[in-house]
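Welcome! Here are a few exercises to work through at your own pace, each with a worked solution. Please have a look at the sequence and the structure before you begin.

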There are 2 protein chains.
Amino acid sequence: MAEERRKFKRESAQARREALICATLELVAEHGVRGATVRGIAERADVTQGLIRHYFSSKEDLITAAYEYHMTHMTDLTEAPASQLQGTARDRLVAFVEASLTAPVVDPQSIALWASFLNKVQNDPAMKAIHARTYADFRDRLEALIAAALGEAGQVTEAGQLRHLAIACNAVIDGLWLEGGALPDAFEPDELPKIGLISVGAIVGLNLTHSS
Amino acid sequence: MAEERRKFKRESAQARREALICATLELVAEHGVRGATVRGIAERADVTQGLIRHYFSSKEDLITAAYEYHMTHMTDLTEAPASQLQGTARDRLVAFVEASLTAPVVDPQSIALWASFLNKVQNDPAMKAIHARTYADFRDRLEALIAAALGEAGQVTEAGQLRHLAIACNAVIDGLWLEGGALPDAFEPDELPKIGLISVGAIVGLNLTHSS
DNA sequence: GTCGTAATTATGCAAGTGTATAATTTTAGC
DNA sequence: GCTAAAATTATACACTTGCATAATTACGAC
């Protein structure tokens, strides 16, 4: 008879933390770090604001945790396809470029997050460290793949030249990633990876478009 | 005898507007749009906060004005070098790429501004219009330069192919611009334009590095 | 069942926010 | 010099912000 409706449900610490982090990322992407208010995050996660303080010592702490969570997620997304592949180095390079220029890596929210976090990344040393590590990791993997693919084709490339190639290829990928996420309707679904492969191929001097 | 120190000085409307806009851009670059508070802007411009309302109907109005000011400024910086040049189309393409990848276009504050404004650009229609116009303008100029340079070399390129080349070159330039501004210490002074010219050249199929 | 503890909510507070309006001060025109 | 209008400052207000603390609620251990 009595309406015994529960007022809330207890969740595991891990689930709650993740829910709060995801709500945070959504709001940061939409309104920037300062626009992601504690109350807004709580509402998005279907929770009252006080709970945030129970899982994170401050908003700063929550933001940092969310940033780390997101960066780790992105790294995983670009790492998996190329490393799981058993084919030639060229195939792995192709897979790496394609993964970097397709959903879910290419995604409006990711670009928005990147932009929203930039300020904080440049000021906060803790965030700067996370960023530098992730960025260097990405470029090193790209450079290694380029070196392997070139070696496979019988070409030897000196270190300085290799660095330039990696910087240039990284730049094309970044630029295409950016444009694809910032202007989602400006490109056909497979246009981005196609342009990416042609461009990276042109820069390093390999044809990456035909099937091997 | 009497200390007749003036409490403030009247400035021309144009000078005050520009001072307020510059202060706004500085703070937006440092702390994001929401972090650029009315009081902070006023202080940076050596003025009390009430004055802002005298020149701009709201903070929103000031932000929009600042964005338009900045975008116009950036367009001017990339437009001037290539259009003033009397040489071949290839020379103008080279000048365009170089100008886009050198200071003052490559500049930490510009990247920070780009990132800070992204949210607002994607939500606010007025800002979106300003952005779309500027972006299309940049890419059209690049595409025209590529077409002219290729034509000069005796190559005819179909429209679709030309579009892809422009997108790809735009992406390298954007990517390099971004990395140069986000990690100012990671590159030698002339490393960025050098890589840019090699990459754009490789993509379109022209050697842009030797002097013509 | 009941009970204690931890999760969750509820409430409150001081500081910062944009904006509105009134009070001053400068400066140009006569 | 005087004066009036415009530029600038000064003050106030309602609202949002992050954070702290107290009051509830759920749920496993016994």
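**Exercise 1. Find which part of DNA strand D lies 2.7 Å from the side chain of Arg39(A).**

Solution. Start at Arg39(A): an N or O atom of its side chain is 2.7 Å from a base nitrogen of DNA strand D. This is a polar contact, that is, a pair of N or O atoms within 3.5 Å; within protein, one must be able to donate a hydrogen and the other to accept it, and residues adjacent in sequence count only if both atoms are side-chain atoms.

Before going on, a note on the model: it is predicted, local features need pLDDT of at least 70, side-chain atom pairs count only at pLDDT 80 or more, and totals for chains, interfaces and linings use all residues. Residues are numbered from 1 along each chain as its sequence is written, chains are lettered from A and ligands numbered from 1 in the order in which they are written, and side-chain values use heavy atoms, with hydrogens and water left out.

**Exercise 2. Describe the protein surface around DNA strand D.**

Solution. Step one is to list the neighbours: 25 residues lie around the strand, and Arg10(A), Arg53(A), Arg10(B), Arg16(B) and Tyr55(B) come nearest. A residue counts as near if one of its heavy atoms lies within 4 Å of the strand.

Step two looks at the phosphates. The side chain of Tyr55(B) places an N or O atom 2.6 Å from a phosphate oxygen of DNA strand D, and a polar backbone atom of Lys9(B) is 3.2 Å from a phosphate oxygen of this strand. Among the DNA strand D atoms within 4 Å of the protein, 67% belong to sugar or phosphate and the rest to bases.

Step three asks which elements contribute. Helix H2 (38-44) of chain A and helix H3 (50-55) of chain B each supply at least two residues, and H3(B) has the largest share, with four. Helices here are DSSP runs of H or I with at least four residues, numbered from the N terminus.

Finally, sort by class: seven residues are nonpolar, six polar and twelve charged. Ala, Val, Leu, Ile, Met, Phe, Trp, Tyr, Cys and Pro count as nonpolar, Asp, Glu, Lys and Arg as charged, and the others, Gly among them, as polar.

**Exercise 3. Now do the same for DNA strand C.**

Solution. This strand is surrounded by 24 residues, the closest being Arg16(A), Tyr55(A), Arg10(B), Thr37(B) and Arg53(B). For phosphate oxygens of DNA strand C, a side-chain N or O atom of Thr48(A) is at 2.7 Å, a backbone N or O atom of Glu11(A) at 2.9 Å, and a backbone N or O atom of Val38(B) at 2.8 Å. Helix H3 (50-55) of chain A and helix H2 (38-44) of chain B are the elements that give two or more residues to this surface; H3(A) gives the most, with four. By class, there are six nonpolar, six polar and twelve charged residues.

**Exercise 4. Work out how chain B relates to chain A.**

Solution. A turn of 180° with a shift of 0.0 Å along the axis lays chain B on chain A with an RMSD of 0.1 Å. That is the relation of a two-fold axis. The superposition is by least squares on the C-alpha atoms of residues with pLDDT of at least 70 in both copies. Next, compare the interfaces: 100% of the interface residues of chain B are also interface residues in chain A, so the copies meet through the same surface. Contact means heavy atoms within 4.5 Å.
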